[in-house]
Amino acid sequence: LGDVYKRQQVVMLSIFGAPSPFWYDFSLSLNSVIFVIFATIFAWLAAGLFPAWKASGVNCNEALKDANKGGGGKGSNRLTGVLVTLQIFISSVLVSVAVDSVLGVRKQLSTEFGVDTSEYITGHVLLTEVEYPTMESRLQYFDELTEEMESEYGVIASSSASFLVGDSSFSQTYNIEESDLAVEGRYPDINVITVQDNYFKTLGLEVISGRGFDLSDDQDSPAVGLIDADFAERLWPGESPLGKRIQINPRDNGEWVTVVGVIPFLRQSPPQRFDNERGTVYRPYAQTLSLSDAVLRMIARVDGDPANYSKAVQDAARRTD
């Protein structure tokens with residue numbers, strides 16, 4: 001669903017229920033159905049009716065003469081061969097697409113993301129530089145948007161992030177203080193995701209150790225971050241990650257982020273990807289939100305069917321603007 005506002009703000013809502021992850025839509029599109037129907041009819045006509053119609057006009061005597069001469073109806077056989085080859089090709093393509101779709105949907109539905117997805121409505125929020133030219137104005141918008149969302153009847157909690165669970169952020173490299181992680185001169189990749197301080201609470205997640213984000217985590221305070229337990233164990237097996245530091249973009253002498261908390265596992269990569277080795281560090285909005293973040297994601301946990309809340313969420317975004 002999309003709604004373009006007069007003041008150049010866009011809020012797009014995607015609503016999906018369990019067990020599908022709420023940000024992926026596995027419904028069969030009308031275009032796909034029409035394509036399959038027409039492709040099947042075309043293959044059937046081309047390989048079945050057309051040769052039969054062609055054969056009905058053949059002069060049997062001439063065909064027998066060709067056969068007696070060893071020709072075997074070369075013209076007709078050549079056409080039939082082409083049509084049968086076409087039929088096999090189209091059928092193979094349709095079967096391949098069907099198998100790939102079934103396996104893809106099966107993988108997506110069975111992927112563990114770390115959150116229950118049945119009671120959430122999600123959307124994208126675009127804040128233009130014309131209307132929101134400063135960091136302060138953008139931070140204020142999202143703080144007030146949360147309040148407006150939660151003032152709606154049935155909205156339990158609301159928050160926003162640069163990327164939702166199941167989305168990969170733009171690739172960045174990282175290193176740690178204890179050892180050099182570079183392999184053949186290349187540092188590993190990491191997701192760096194900006195979240196509101198109530199993001200994990202909205203997802204129903206509790207901090208396992210350490211603390212979450214709060215209002216003190218602003219631009220004037222040390223850079224802090226949260227990581228999930230799986231990533232912490234990979235970086236510092238058998239040790240507490242609290243107080244450890246991760247450097248973002250080490251080749252550019254990027255900032256050092258201190259780990260202040262550990263959360264349960266969250267998958268920050270699409271189910272289509274077979275690798276899930278890229279770790280994630282979550283950063284607070286007030287420290288990392290920039291004007292280059294054109295589109296941000298919002299999420300609200302609701303009581304009942306999320307589809308019933310799309311208008312309420314859009315109205316809250318309008319009031320906040």
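Tutor: Buried means under 20% relative accessible area, exposed means over 50%, and partly exposed lies in between. Keep that in mind as we look at this predicted model. Here, Tyr-199 and Phe-200 are both buried.

Student: Thanks! Why is Tyr-141 called buried?

Tutor: Its relative accessible area is 2%, and the cut-off for buried is under 20%. Tyr-141 is therefore buried. The neighbour in the sequence, Phe-142, has 1%, so Phe-142 is buried too.

Student: What makes the pair of Tyr-141 and Phe-142 edge-to-face?

Tutor: Two values decide that. The ring centres of Tyr-141 and Phe-142 are 5.3 Å apart, and rings pair if their centres lie within 6.5 Å. Their planes stand at 90°, while over 60 degrees counts as edge-to-face. So the pair is edge-to-face.

Student: How do you know that Tyr-199 and Phe-200 are edge-to-face?

Tutor: The steps are much alike: 5.4 Å from centre to centre and 70° between the planes, set against the limits of 6.5 Å and 60 degrees. The whole structure holds 6 aromatic pairs. Tyr-141 and Phe-142 also belong to one aromatic cluster, together with Tyr-132 and Tyr-285.

Student: Now the loops. Why is Pro-222 called exposed?

Tutor: Pro-222 sits in the loop between strand 7 (209-210) and strand 8 (224-228). Its relative accessible area is 62%, and exposed means over 50%. Pro-222 is therefore exposed.

Student: And what makes Asp-197 partly exposed?

Tutor: Asp-197 has 40%, which falls between the 20% and 50% limits. So Asp-197 is partly exposed. This residue lies in the loop between strand 6 (189-195) and helix 5 (199-202), and Asp-197 helps form a negative surface patch with Asp-143, Glu-144, Glu-147 and Glu-150.

Terms used: Residues numbered from 1 in each chain as written. Predicted model: local features only at pLDDT ≥ 70, side-chain atom pairs only at ≥ 80, totals over all residues. Heavy atoms only, no water. Patch = residues over 30% accessible without salt bridge, like charges linked within 9 Å, V, L, I, M, F, W, Y side chains within 5 Å. Areas by Shrake-Rupley, 256 points an atom, 1.4 Å probe, with all protein chains shown as cover. Salt bridge = Lys/Arg side-chain N within 4 Å of Asp/Glu carboxyl O. Lys, Arg positive; Asp, Glu negative; His and termini not counted. Charge placed at Lys NZ, Arg CZ, Asp CG, Glu CD. Helix = DSSP H or I, 4+ residues; strand = E, 2+ residues; numbered from the N terminus. Buried < 20%, exposed > 50% of the residue type's maximum accessible area, 1.4 Å probe, protein only. Phe/Tyr/Trp six-rings, centres within 6.5 Å; stacked < 30°, edge-to-face > 60°.
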